[in-house]
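Okay, everyone, I'll keep this short. Have the sequence and the structure up on your screens, and I'll walk you through them.

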Amino acid sequence: MDSPIFANLIADGYEQIAPDPETYAIDRGICAESVCMQCEKEGLLYQPYYHPTTGSYRAFCVCPPNAAT
Ligand SMILES: [Zn+2]
């Protein structure tokens, strides 16, 4: 399934990385304990987007079937 928002982030210069290991560990844990609002599956994928030039960081918890990669 295509996720237009993710494609837009990549087009804007975001990379699929976390800003630092601590942020990665914390947010990954949050996603792992989150429940999908659509199918109620527990344990979502952490998808970080970090813009190395601007320092902007966007993080998403994505249901595995909807993951961008
Ligand atoms: Zn789901």
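**A walk through the model**

Since we'll need it later on, one placement to start with: Glu40 sits in the loop between α2, residues 21–32, and β1. Hold on to that one, I'll come back to it.

So, what are we looking at? This is a predicted model. For the protein chain, the average pLDDT is 91, and 93% of the residues score at least 70. Where is confidence lowest, and where is it highest? It's lowest in helix α1, residues 4–11, with a mean of 90, and highest in α2, at 98.

The overall layout is easy to remember. We have two helices and two strands, and along the sequence they come in the pattern α-α-β-β. As for dimensions, the C-alpha atoms fill a box of roughly 35 × 30 × 15 Å along the principal axes. The radius of gyration is 12 Å, and that agrees with the value near 11 Å that a compact globule of 69 residues would have. On burial, 13% of the 69 residues count as buried. And if you take the contacts with a separation of 6 or more, 53% of them are between residues 24 or more positions apart.

Now the strands. β1 covers residues 45–50 and β2 covers residues 57–62; they run antiparallel, and six bridges join them. Two pairs to click on: Tyr46 has Cys61 as its bridge partner in β2, and Tyr49 has Arg58. The hairpin has six residues between the strands, and Gly55 in that hairpin takes a positive phi near 80°.

That brings me back to Glu40, as promised. What is the sign of phi at Glu40? It's positive, near 65°, and this is a residue other than glycine. For context, most residues other than glycine have a negative phi. Is Glu40 buried or exposed? Exposed, because there are just 8 C-beta neighbours inside 10 Å, and the cut-off for exposed is 12 or fewer.

Next, the core. Which residues make up the largest nonpolar core? There are six: Phe6, Leu9, Tyr14, Ala18, Tyr49 and Tyr50. Both α1 and β1 supply at least two residues each to this core. That goes along with a general tendency: in soluble globular proteins, nonpolar side chains tend to be buried together. If you zoom in on Tyr14, and skip its neighbours within four places in sequence, you'll find contacts with Leu9, Tyr49, Tyr50, His51 and Arg58. So Tyr14 touches Tyr49 and Arg58, and those two are the bridge partners I showed you a moment ago.

Right beside Tyr14 in the numbering is Glu15, in the loop between α1 and α2. Glu15 is exposed, since it has 12 other C-beta atoms within 10 Å, right on the limit of 12 or fewer. Again leaving out residues up to four places away, Glu15 touches Tyr50 and Pro52. With His51, the C-alpha atoms are 6.1 Å apart, across 36 residues of sequence.

Last stop, the cysteines. Cys31 is in helix α2 and Cys61 is in strand β2. How exposed are they? Both fall in the middle class: Cys31 is partly exposed with 17 C-beta neighbours inside 10 Å, and Cys61 is partly exposed with 19. For Cys61, that's because buried would take 20 or more.

Who do they touch? Leaving aside neighbours within four places in sequence, Cys31 is in contact with Leu44, Leu45, Tyr46 and Cys61. Cys61, counted in the same way, touches Ile30, Cys31, Ser34, Leu44 and Tyr46. Tyr46 turns up in both lists; its C-alpha is 5.6 Å from that of Cys31, with their positions 15 residues apart in sequence. As for Cys39, its C-alpha is 14 Å from that of Cys61, and the two are 22 residues apart in sequence.

That's it from me. Go ahead with your questions.

Definitions and conventions:
Residues numbered from 1 in each chain as written. Pairing = 2+ DSSP bridges. Helix = DSSP H or I, 4+ residues; strand = E, 2+ residues; numbered from the N terminus. Contact = placed C-beta atoms within 7 Å. pLDDT = per-residue confidence, 0-100. Rg over C-alpha atoms; globule rule 2.2 N^0.38 Å. Core = buried A, V, L, I, M, F, W, Y, C linked by C-beta atoms within 7 Å.
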